[in-house]
Amino acid sequence: MEMEKKKIIQFKNIVKDFDGQIVLKGIDLDIYENEFVTLLGPSGCGKTTLLRILGGFIEPTEGHVIFDGQDIAKMPPYKRELNTVFQKYALFPHMNVYDNIAFGLKIKKMSKDVIEQKVMKMLKLIGLEGYEKKDVTLLSGGQQQRVAIARALVNEPNVLLLDEPLGALDLKLRKEMQYELKRIQQEVGITFIFVTHDQEEALTMSDKIVIMKDGEIQQVGTPEDIYNEPVNRYVANFIGESNIIPARMIEDKKVRFDDITFDCVDVGFKPNELVDVVIRPEDIDIVEEAKGKMTGTVESVLFKGVHYEVMVETVPGTHVTVNMHITKNHDITSEDGKVKISANDFYLDIEDMKDIDDKEIIARADAQAWNPETDEYFSINNIETDLKPEIGEYTVTFSTQSNTSITRKIWVIDQHIVENKKANEAVSAFNFFKTADEIKESLALDTDLKLWANAQGWKLDNEDEAVDISVDYDFDVDNLKEGIYKVTFWTTGREFKIHTTDYVEEGAEIGLTFYPEDIHVMEKMGY
Amino acid sequence: MKKERNIFGKILMVLTIVFFYMPIIFMVVFSFNESKSLTHFTGFSLRWYEAMLKNHGMMESLYVTIIIALLATIVSTFVGTITAIGLSKSKKVIRNLVTQINDFPMMNPEIVTAIGLMLLFITFKIERGFVTLLLAHIAFCIPYVMLSVMPKIRSLDPNLADAAMDLGATPWQALSKVIVPQIMPGIVSGALIAFTMSFDDFIISYFSTGGGVKNLSIMVYTMSKRVNPSINAISTLVVVLITIVLVLVNVVPMIQKRTPEKTSKNPWKKCVVGVLVVVLAFFGFTRFGSSIQNKPYEGQTLHIYNWGEYTGEEVLGMFEEMTGAKVVMDNFDSNEQMYIKVANGESYDILVPSDYMIQRLIQEDMLQKLDKSKIQSGLDQLNPDVLGLPYDPNNDYSVPYFWGTVGIVYDKTKVSLEDLKKDGFGIFLDEKYRGDIYLYDSERDSFMMALKDLGYSMNTSNEQELQAAYDWLVQSVQTMEPEIVTDEIIDNMAQGRKALGLVYSGDAAYIMSENENMGYYMPESGTNLWSDAMVIPKNAKNVDLAHEFINFMCTYEAAMDNSSYVGYTSPNLEVMDELSSEGGDYDGINAYVPRTGYEKDEVFEYNEVSRKIISDLWSRVKVVASNAE
Amino acid sequence: MRNFKQLAWPYIVWCAIMLLLPMLLIFAYSVMEQGNEIVHFQLTFDNYIRFFTDPDFLLILWRSLAIAIKTTIICLILGYPIAYFIANRSDKVRNILVLCITLPMWINMLVRTYAWIGLLSSDGIISYILGIFGFGDQELLYTETAVLIGMVYNFLPFMILQINTALCKMDKSLLEASADLGANKVQTFLRVVFPLSLSGVVSGITLVFLPAVSSFFIPKLLGGGQFFLIGNVIENQFITVGEWNFGSAISMIMAAVMMLLMMLVRKVDAKSGKED
């Protein structure tokens, strides 16, 4: 079925550098006749730059652009036999629809009747007959879009370049135009090179997708290739939804992750090579716990219309439990009754001592002063403490301008950290002191609990990468008494996203299964 | 090809910059010139800066310009912004109407706006001065502010103010804390435009001011007839001030960026305050530096309406020193201009009109009788030849200021005395000198010249004679390509640019003292023996001080400075004799001593009918001259 | 929010008094009989008749228009390439150049015009430079050329800035689109750039033509007393002759002529904008 097509465009080692910033790092790419090629990537990946080099609006710093066997890298745009549909169409606002479309033909000094014939044909192609005298600025986005396409196509280029042409349209119109564009491409039978950051657009229309990142091509292939066999984590993430798991290749057709060895179909990796594995959510089936290749707990079930999106936790996360001391109200009221002040005892990690300042102490103690009648807040403007960077018990006194003050305790401790090597993460939290009223008044209790306990989670291999934590507690907010309550902070472990049409209960223990060919092993991305 | 075009563009750009900056550089350079010349740099000196600082009219005008510009900017920015916000919420009809009316000052020729405002002030009897000037400036600045603020408001989210008020802001807080910060760039550029417009304005100011309040433009306009390098000096000062302001505006925000946060967040406020302080400090220093003494007229002001370039360098200062009063002098170009202004209610303490105009003012009961007892000592020093002239036989109303004749100034190297003797004033019809003559832009004296040459009396009211004179003048402007000038003739003849010109004797004296090739000739057909005199109008506000001034001007010291600087003949006998005698400034210059006792010479008389005819005919002559170009 | 509406009212009153009323007054004076008191109103059209029946006044009006048109054309011919050059620089250079053009406008117009007297006088720098090129001994000051130079000098920045703004506002992708469709630089300029900059050209023309017609200090300072334009006639009527009614009539005529011309220019602009 592979028919040898003619190469129409070849990019050879294209490098582009804007004032020392390298935007394209040596692009090599061949484009064949009559293809619908999509350059796909996030903004800033260099896809538009590559298109503009082809259009002739910028010159590459290095490399060649071969068009029909001729190097056109330095040829001005008006001599190139290709046309562009611009991002925001760039229709000439001082001309009507007809004149916009006829522009290129008039430049070529064609005779009037030929121009008219061609323009009319184009109007028909784009379905805008009768619009020729309309002012382009009064057309809808979709109509402007069509005029821009007609204006380019009327010149009968061999290649049409489209620079994110659908970006400015609303969702419904965008879908319509996707079919329209594909139809036009098939009808006129020329090469379309289409730039977008929308993966769905790319999958729908293209014969060939080129995925780019940071000025480099990641993968070139048909939509099916790219979806089913992404070469790396980046591509897998960019195209469709996926579960990506770090893994180790044991030998050909054997891959191990989450302490289980699985059969797969991939070969050619070195033994024990670290790899990434991608499993598409729709390739995983939910089965009885005993029949699964893996087992887990259903975390959440979301209804998505055609299917349910089920999140299953196969490896538990990291937990840390702390004590919440509920104390009695201990506001202090000034003698004249005009100022109330409150603050809490708190724990402090010895490692945090170096960054501590007055602001931080006020925040940790949640020290506040206010007028009980008007609810007007005062600032705390004096803090006295014997705090030292050593483990021990200290006192701190907060006072306001009017010398109303309150004294509290600070315990400096060496905080215990829970590490979870398997999940590559760690969490920590402190015991804390609060009054029942403070708990009741909290507008967002989960967030406040995390704040009060200074609960944090991070990756073991990269301390700067935070891990989301959740909070669990079983006290009744409205019925708190003085005493000690447990609060647990935890992270999620390994989760799989599964698309299924079968409903499962949240919290159910289930098994997961998939075929060896559903496991796609990819090289680790080199950084 | 691309490169070639670039070179063309660059050359054009450089030429443009040169074109724009050449006059400014020229001005700065020549402000340091040692001599009066505007074309030859003879050496470095600061004398024009001294002259500028001494001339408080100049400093005053700079002060007025800046104060008006600042006030107009502040008020119009505030009002314009508030109104623009208000309009954005008003009905469309009202909005469109206001926008239409706002377009008036922008779409109308400026002179029309100016005249409209002048008529407004006069019709409602609002005395023109600082306040009317300010009002006029505010009036034409607001539309520009609105023009620059409106688009910013239109691009605002219409719910912004509602959101602010929903969150508890009062309408005023919503305005000042949310809306205004959002449209700040528009407000700032509006304020800048307003400041530039006001600072630069001439036409509207010219028509809407009065009472001696002048801005820089008006000052330059009234002084520009004669070469006066002090104008260059004050212009250089303006350039320096503007540069300082621009540097402050551009550099201060940069410095503030570098020292982050501590200072206020709004660099503009600081800039404006800074600029204000600099400017006010500057003027505070120059204005109030030296005037705390006890003088009889301390704190009073004398308003004088006089001819341009008609006072000595020192006299006003001497008078101020002596009395402690402040002198504000306004200048006019012609008796008619003075008359219109005074007749429309402008109030001055002293006027210096000519003979026939004094007669008219007396007839129309616009002058007060002088209190002779207060000025007797002055009168005693005057030349009997200029006292008791027919327009005011007993000097009940007027005391002479200068006097002289009208004649022909000529270049002895180009014009022979025989031609002059043969032709008289008719030499202005002699095509031998085509393109080489100046006529003087004075309806009276132009007609005098024609009438005298035709052998009529210059005081005729005979319409045929006047018509003949008109034809004479038309023939001259059509065939002789004259330039019709006023005081420019002085410097131009002093530099020998043309061969012949009609001049006043005093100007001739000055010209001859500057250029020895020049001569002065009084035709045998007779000429105008004129005198300009000081009078006190009925609506004068400071009559005592006015008498003081008249008396002072008759004294030897004042008359000496006046006459030696200006070149006109002093009515003070001693001064006249001294200046014309051997070793005097005007020794051997026949123009300085007027021809007296010649029977064909006449003094102008006022005649309502002929005045109108002459005035109309002369403006026709000028129109014809203009069209003859 | 609605109460912000009231903020506009004070200005509406001000507008009526300071902008509208003056125009009405000029009109009232122009149809009044001689006399500077509006109390004795006596309708007459003599002032208008007098102007239109006098060929000399009509000639002056024509000459004023002619010199303003000349000024406008020169400003356009000089201003367009300069604006085009500036618009095609990088942001930084453009800002500096725009500042260079704006800067002189901060310095008083009269002062700058006054400086030209010295430059243009017969032994001044310009004559000297012309002399080097063999155009020696040209009388420049007090000629129409001097007036033209003064006007171009004063009004050229307006033209440059307006056109520059229009050119900068233009979407650069339109130029790319034009090149993409096969137009070379010249064709792109003629078919896309110039038609799209017309709005700037028109407002530039307005800003040059309007003050050029009515200017009276430039002709007076650089043209001498025999160089009379319509602005000088008006000034003369108000300041020296004192016939305010006639002066008002001329003002009305001038305002009307200007308005007509401006409408014409705008119409041409609107039309040419739509044409190919």
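**Figure 1. Where chain C of this predicted model is most and least confident.** Within chain C, the weak spot is helix 6 (residues 125–132) of chain C, where confidence drops to its lowest mean, 79. At the other end of the scale sits helix 7 (residues 144–169) of chain C, with the highest value, 93. Taken as a whole, chain C averages a pLDDT of 86, and 93% of its residues score at least 70. As a rule of thumb, predicted coordinates shouldn't be read in detail where pLDDT is low. For the complex, the predictor reports an ipTM of 0.91 along with a pTM of 0.80.

**Figure 2. Chain C meets chain A.** Zooming in on this contact, you'll find 17 residues from chain C and 20 residues from chain A. On the chain C side, the elements that chip in two or more residues are helix 8 (172–180) and helix 9 (185–214) of chain C. Helix 8 of chain C supplies the largest share of that side, at six residues. Sorted by class, the side of chain C that touches chain A comes out as eight nonpolar, five polar and four charged residues.

**Figure 3. Who touches whom among the chains.** Two pairs of chains are in contact, and chains B and C are the pair that shares the most contacts. Chain A and chain B, on the other hand, do not touch. The nearest C-alpha atoms of chain A and chain B are 12 Å apart.

**Figure 4. The domains of chain A.** Chain A splits up into domain 1 (7–236), domain 2 (241–316 + 513–523) and domain 3 (319–490). Note that domain 2 of chain A is written as two stretches, 241–316 and 513–523. Between the C-alpha centres of domain 1 of chain A and domain 3 of chain A there's a gap of 58 Å.

**Figure 5. Helix 24 of chain B packs on helix 25 of chain B.** Here helix 24 (residues 556–566) of chain B and helix 25 (residues 573–580) of chain B pack with their axes 9 Å apart, at an angle of about 45 degrees. That angle makes helix 24 of chain B and helix 25 of chain B oblique to each other. The crossing of helix 24 of chain B past helix 25 of chain B is right-handed. Look for B:Y556, B:A559, B:M560, B:S563 and B:S564 on helix 24 of chain B. They meet B:E574, B:V575 and B:L579 on helix 25 of chain B. By class, this helix-to-helix contact has five nonpolar, two polar and one charged residues.

Key: Residues are numbered from 1 along each chain as its sequence is written. Chains are lettered from A and ligands numbered from 1 in the order in which they are written. This is a predicted model: local features need pLDDT of at least 70, side-chain atom pairs count only at pLDDT 80 or more; totals for chains, interfaces and linings use all residues. Domain bounds come from an automatic or database domain assignment. Two residues are in contact if their C-beta atoms, placed from the backbone, lie within 7 Å. Helices (H or I, at least four residues) and strands (E, at least two) are DSSP runs, numbered from the N terminus. Ala, Val, Leu, Ile, Met, Phe, Trp, Tyr, Cys and Pro count as nonpolar, Asp, Glu, Lys and Arg as charged, and the others, Gly among them, as polar. pLDDT is the predictor's confidence in each residue, from 0 to 100. Axes are lines fitted to C-alpha atoms, for helices over the stretch in contact, and angles run from 0 to 180 degrees between N-to-C directions. Angles under 35 degrees count as roughly parallel, over 145 as roughly antiparallel, 65 to 115 as roughly perpendicular and the rest as oblique. A crossing is left-handed if the near helix is turned anticlockwise from the far one by less than a right angle, and right-handed if clockwise.
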